[in-house]
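This briefing walks through selected features of the structure shown below, grouped by topic. Please keep the sequence and the model in view while reading.

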Amino acid sequence: MSLKYKLLLVEDDENLGYMLKDNLEMSGYAVRLCRDGALGLTAFHNEQYHLCIFDVMLPFKDGFTLAEDVRKYNQKIPIIFLTAKTRRMTG
Amino acid sequence: MKRKNLRRIILFGSVVMMGLLVVQGFWLKRAFDIEDRQFNHTVQIALKNIADSIVAEDLAVKPTETHIRQLSSNFYFAELNVPIQPELLDNLLKKELGIRQIKADYELGIYKAKDDTLVYGSYIPATIQWQIDHANDPNPNTEKSNFAVYFPNKFSVIAGELKIWIFSTIILLLMVAFFIYAILTLLKERRLAEIKEDFIDNLTHEFKTPIANIELASEALKENKINPEKQHRYFNIIHSENQRLKVQVERVLQMGTIDTHELRLDLKVVNIHELIQRLAESIDMRIRDKTGMLNIELNAAHPEILADEFHLTNTVYNVLDNAEKYAKDWPKISISTRNEKEGLLISIKDAGIGIKDDFQKYVFDKFFRVPTGNIHNVKGFGLGLSYVKTVIEAHRGTVTLESELNHGSQFDIYLPFK
């Protein structure tokens with residue numbers, strides 16, 4: 001049995017999270033879904049992942065801050081952001 | 001406009017304005033000093049002339065030297081040591097000051113030379129024309145005397161000579177005031193622009209998510225790659241996201257109707273206690289799910305009021321909904337009513353996250369949401385409290401907020417009986 005790539009998906013929207021996880025799992029990935037930034041960071045510390053997918057607007061800890069925290073421990077892991085934001089510059 | 005640019009404009013403008021004020025102040029002071037010196041010089045020459053002519057007229061004594069001394073900024077003393085007739089002195093003063101165009105009121109005093117006691121004193125307004133009148137005084141002053149002149153309005157006389165300077169200073173101050181006004185307007189505009197951008201961001205997020213979800217779910221179903229057990233969940237997703245979109249559209253459409261002049265109230269007698277009970281039942285479940293508590297104290301003896309039931313229900317619901325959404329750990333909310341003055345007061349208090357002082361004055365503004373960056377704990381458009389204020393004001397009532405960050409908020413809604 002080949003090695004499954006493990007993904008950390010942090011998305012607060014219940015339906016979107018469910019469908020993304022389902023689709024990714026159908027494509028052969030092992031997906032850990034978390035509902036907010038704080039839980040996402042805990043999950044990151046608990047397991048090894050190959051890829052992170054973070055929503056930008058999240059409860060408790062936003063996706064960018066979460067990525068900064070992740071980068072402190074792992075400089076190589078690829079991170080993909082999901083966002084519905086339209087502006088180039090925010091904050 | 002970028003924050004950095006605005007900061008530069010404010011900084012640069014303030015430096016320029018400060019510089020202009022300093023330069024103007026410096027030149028104004030200098031011009032005043034020159035006028036002051038000129039005044040002193042002219043007055044001293046006039047007094048010297050007067051003193052010399054009085055001494056020359058006194059044939060009984062040998063001409064002696066006279067001294068003029070300035071004892072303070074507006075007080076001049078002439079040492080003569082000869083008898084001085086007040087009328088003559090008065091006339092000479094008017095003549096000399098008149099020739100030199102000094103139009104200032106003055107006080108005149110004649111003092112005995114030996115002990116400085118006042119022999120004669122009078123206040124002479126500048127408007128009285130001088131006349132030389134050698135009418136004989138029945139009791140001429142035979143004592144050796146000196147005289148002093150005091151100009152009480154010297155400052156305003158000098159200031160009157162600086163009209164152009166004062167005019168330019170006023171213009172400059174107006175310019176500074178205009179600059180401050182422009183900056184304040186700019187800051188206000190920027191805040192509005194930020195609120196608008198946040199709103200559009202928020203709106204996009206709230207609309208794009210359900211659209212993306214419907215798209216994802218329908219594509220998955222279309223491609224037949226979902227096993228039958230999961231299919232039901234996907235159909236449910238499409239349905240719930242469609243409902244969500246419908247609610248969002250309704251909320252946006254409501255925006256247009258929350259201006260006071262467009263809000264048409266359908267007034268009828270409403271029992272506030274019944275309204276609160278109904279709302280409490282609907283929200284109680286959500287509060288209990290979060291292991292919170294809702295405390296209700298309906299103390300108003302007269303709970304009936306003339307109001308628009310639909311809008312008032314929405315209003316109380318919005319405040320309650322916020323109290324539940326912005327709870328700290330679990331919602332702890334209390335609703336109370338009491339009769340006050342000529343109306344009814346509804347207080348909704350929560351032990352939630354509270355609102356920072358800086359933001360409290362904006363919470364009733366349309367589209368305003370307390371900024372949280374990308375932290376997205378509570379979703380919304382920033383319309384709820386704006387709607388509350390509009391509805392309550394349309395009822396000629398008031399809504400006030402007391403809040404402390406991390407301790408909670410209290411909204412007091414006062415509705416008059418009319």
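Two residues are in contact if their C-beta atoms, placed from the backbone, lie within 7 Å. With that meaning, among the contacts in chain A between residues at least 6 apart in sequence, 60% join residues at least 24 apart. The model is predicted, and the points below turn to chain A and then to parts of chain B.

**Chain A**

- The secondary structure of chain A comes to 3 helices and 4 strands, and from the N terminus on these elements follow the order β-α-β-α-β-α-β.
- Chain A has 91 residues, of which 38% count as buried.

**The sheet of chain B**

- In chain B, 5 strands form an open sheet with mixed pairing, and their order is S7-S9-S10-S12-S11.
- Strand S7 (293-298) and S11 of chain B stand at the edges with a single partner strand each, so one side of each is left without a neighbour in the sheet.
- From one strand to the next, the twist of this sheet averages 15 degrees.
- In general, the strands of a sheet pair through backbone hydrogen bonds, and the pairing may be either parallel or antiparallel.

**The hairpin of S11 and S12**

- Strand S11 (residues 398-404) of chain B pairs with strand S12 (residues 408-416) of chain B in the antiparallel sense, over 7 bridges.
- Within this pair, Glu402(B) of S11(B) stands opposite Gln410(B) in S12(B).
- The hairpin has 3 residues between its strands, and Asn406(B) takes a positive phi near 70 degrees there.

**Helices lying across the sheet**

- Helix H6 (residues 272-289) of chain B lies across S7, strand S9 (332-340) and strand S10 (343-350) of chain B, and H6(B) runs at about 170 degrees to S7(B).
- H7(B) lies across S9, S10 and S12 of chain B, and its direction is at about 20 degrees to S10(B).

**The enclosed helix H9**

- Helix H9 (residues 384-394) of chain B is largely enclosed by the rest of the structure, because 9 of its 11 residues are buried.
- The buried residues of H9(B) include Leu385(B), Tyr387(B), Val388(B), Val391(B) and Ile392(B), and Lys389(B) is also one of them.
- What covers these buried residues includes helix H7 (309-325), S11 and S12 of chain B, and H7(B) and S12(B) have already appeared together above, where H7(B) lies across S12(B) among other strands.
- Just after H9(B), Arg396(B) takes a positive phi of about 60 degrees.

Methods. Residues are numbered from 1 along each chain as its sequence is written. Chains are lettered from A and ligands numbered from 1 in the order in which they are written. This is a predicted model: local features need pLDDT of at least 70, side-chain atom pairs count only at pLDDT 80 or more; totals for chains, interfaces and linings use all residues. Two strands pair if DSSP finds at least two bridges between them. Helices (H or I, at least four residues) and strands (E, at least two) are DSSP runs, numbered from the N terminus. A residue is buried if 20 or more other C-beta atoms lie within 10 Å of its own, exposed if 12 or fewer, and partly exposed in between; C-beta atoms are placed from the backbone. Axes are lines fitted to C-alpha atoms, for helices over the stretch in contact, and angles run from 0 to 180 degrees between N-to-C directions.
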